[in-house]
Amino acid sequence: MTAGPEVVRLKWGREATADRSEMVVVGTVVASGPEVTWVRVPVPTETGTMATTDLLVDLQDDLVSDDTSKTLGRLKLSPLDEKAWPTECDDELQSVSEQPSARKDGKERQLLYSDDETLPEIVDPPPDLKWDDPYYDIARRQIVEVAGDDNFGRKVIVVSACRMPPSHQLDHTQLLKYLKHTLDKYVESDYSVVYFHYGLNSQNKPSFAWLLEAYKEFDRKYKKNIKALYIVHPTRFIKALLVVFKPIISMKFGRKILYVNHLSELEQYLKCERMVIPQCVKRYDERIQAAQKLKPQEPKKQLPHQQFGISLQELREKDPEHKAMPLVMEQTSTYIKKHGLNKEGIFRRSANVFLVKEVLEKYNNGVPVDFETYNDVHLAAVILKTFLRELPEPLLTYNLYNKVVSLGKVQENKQIETIAEMIKFLPEDNYTVLRYLVEFLGEIADYSDLNKMTASNLALVFGPALLWAKDAAISLNAINPINNFTQLLFENYTEIFPAK
């Protein structure tokens with residue numbers, strides 16, 4: 001078997017086509033024996049959708065090894081390329097003042113950017129961020145945040161390009177360390193990444209060399225459990241960039257990359273209202289939808305047997321026997337107790353997306369669900385977490401949010417007593433369900449030597465499912481206090497809940 005051609009240089013360029021329209025060209029110089037061939041990969045300049053599979057997954061897995069440093073070593077950047085990163089001069093990325101009002105073909109252009117939004121979005125530092133934090137300068141900008149779970153029970157990491165300042169004001173080495181620091185807390189579980197591309201421009205765009213270094217830093221530890229990378233509001237630039245990385249991206253990882261053109265499309269994967277979405281991204285999305293004359297999605301009507309997305313009180317009233325324990329919680333916990341107490345990584349693994357949708361539809365349509373037929377304990381675990389996340393108000397209620405987040409200010413020897421006092425004010429249905437859940441998860445933790453799910457690990461999974469803010473997404477600095485509260489709840493439930 002002969003060795004494949006060696007990639008020796010990457011270049012960018014722009015060419016005029018026969019019809020005088022412009023297209024971005026990503027070229028790869030390959031050496032095959034004594035000959036050198038220039039391979040042109042055109043990237044269309046029109047805003048049509050380009051499927052990820054067309055760009056990324058026509059390579060065979062065996063062409064790419066886990067040793068990315070060896071593969072990256074074959075990529076040599078022209079000195080000119082580093083000085084002249086291709087600017088995002090797509091029509092949708094130019095400021096209003098720079099955009100001509102009409103194209104040469106006479107068609108009007110839709111102006112989507114405004115001058116003030118080409119600047120980075122400035123946000124206040126998180127209230128719990130300490131000035132002596134080693135990542136203070138990065139964390140205060142909230143470029144990287146954690147946004148709870150997606151619709152399939154996976155943690156969501158959010159990266160917002162619009163919050164990146166000009167490159168000379170940002171230590172990109174620290175940014176890379178902070179991103180790894182954030183991911184390190186979640187990479188042992190399945191997780192997803194949402195990248196808001198809007199706001200990346202020639203001023204704040206990191207260097208190509210940094211991107212290569214970043215890809216090399218994120219080894220198999222980080223890639224193994226990432227289940228989806230959502231690129232929101234992709235441009236020709238980001239699609240072209242993926243073409244450049246094509247020689248070093250495996251087919252398996254390529255399938256995880258999804259382009260999302262509108263926030264409404266993102267809703268099928270996660271709840272946008274609980275995410276950290278920059279305001280400028282929301283405004284940009286509104287302008288896109290207005291320009292394309294998209295109709296807003298109509299709210300879904302509640303089904304007669306609806307089990308997800310309605311309050312505990314409604315569920316009890318709808319139940320023929322008026323049980324306080326919801327059917328979903330009762331059936332999932334029973335199945336997990338029977339089959340999952342010793343299952344390693346229970347509640348940390350995701351399940352088949354299609355099966356999750358199928359089970360949700362069955363419950364909401366009053367069709368009996370028998371988990372024995374699915375023979376997948378992780379499916380039951382995901383359904384349980386989904387039920388908690390779908391509640392219109394968190395199980396711990398909005399009223400307790402500020403108290404929970406501020407628990408760290410209470411003296412340690414009084415925190416258990418404080419928690420016990422807090423939960424006394426929960427509605428009766430919430431208190432009953434919380435007690436049942438905590439006792440059940442306490443049983444899971446008792447088998448942590450087998451399933452590896454200690455109270456700390458369970459808190460990491462269930463914290464964001466038990467509590468979230470009413471009018472804002474959970475920030476990374478709010479998640480930590482919520483997880484600490486949840487861990488104390490799990491570790492000390494016999495003291496917090498009086499004996500029956």
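A residue counts as buried when its relative accessible area is under 20%. Keep that cut-off handy for these exercises, and remember that the model is predicted.

**Exercise 1. Placing Val 144**

Work out whether Val 144 is buried or exposed, and describe its surroundings.

*Solution.* Start with the backbone: Val 144 belongs to strand E4, which covers residues 144-149. Next, check the accessible area. Val 144 has a relative accessible area of 2%, so it is buried. Now look around it, skipping residues up to four places away in sequence: Val 144 touches Ile 157, Val 158, Val 159, Leu 175, Tyr 178, Leu 179 and Thr 182. Finally, try a jump along the chain. Val 276 sits 132 residues from Val 144 in sequence, yet the C-alpha to C-alpha separation is 9.4 Å.

**Exercise 2. Two helices side by side**

Find how the axes of H5 and H6 are arranged, and say which residues meet.

*Solution.* First, pick out the helices: H5 spans residues 172-183 and H6 spans residues 208-217. Their axes come within 11 Å and cross at roughly 25 degrees. Angles under 35 degrees count as roughly parallel, so H5 is roughly parallel to H6. As for handedness, H5 passes H6 in a right-handed crossing.

Now the contact itself. H5 brings His 172, Thr 173, Leu 175, Leu 176 and Lys 180, and these meet Trp 210, Ala 214 and Glu 217 of H6. Sort the residues of this contact by type and you get four nonpolar, two polar and two charged. Leu 175 should ring a bell, as it's also one of the residues that Val 144 touches.

**Exercise 3. Into the cores**

Which residues of the largest nonpolar core touch the most other members, and which helix gives the most to this core?

*Solution.* The largest nonpolar core has 70 residues, and the ones touching the most other members are Phe 347, Ile 383, Leu 388 and Ile 444. Helix H16, residues 377-390, gives the most to this core, with nine residues. Zoom in on Leu 388: leaving out residues up to four places away in sequence, it touches Met 329, Leu 395, Leu 437, Phe 462, Ala 465, Leu 466 and Trp 468. Apart from this core lies another one of 46 residues, including Leu 170, Tyr 178, Ala 214 and Leu 242.

**Exercise 4. Zooming out**

How many helices and strands does the protein have, and what share of its residues is buried?

*Solution.* Count the elements: there are 23 helices and eight strands. Then take burial: 52% of the 500 residues are buried. For a last step, consider contacts between residues at least 6 apart in sequence; 74% of them join residues at least 24 apart.

Technical notes
Residues are numbered from 1 along each chain as its sequence is written. This is a predicted model: local features need pLDDT of at least 70, side-chain atom pairs count only at pLDDT 80 or more; totals for chains, interfaces and linings use all residues. Side-chain values use heavy atoms; hydrogens and water are left out. A nonpolar core is a set of buried Ala, Val, Leu, Ile, Met, Phe, Trp, Tyr and Cys residues joined through side-chain atoms within 4.5 Å. Buried means under 20% relative accessible area, exposed over 50%, partly exposed in between (1.4 Å probe, protein chains only). Helices (H or I, at least four residues) and strands (E, at least two) are DSSP runs, numbered from the N terminus. Contact means heavy atoms within 4.5 Å. Axes are lines fitted to C-alpha atoms, for helices over the stretch in contact, and angles run from 0 to 180 degrees between N-to-C directions. Angles under 35 degrees count as roughly parallel, over 145 as roughly antiparallel, 65 to 115 as roughly perpendicular and the rest as oblique. A crossing is left-handed if the near helix is turned anticlockwise from the far one by less than a right angle, and right-handed if clockwise. Ala, Val, Leu, Ile, Met, Phe, Trp, Tyr, Cys and Pro count as nonpolar, Asp, Glu, Lys and Arg as charged, and the others, Gly among them, as polar.
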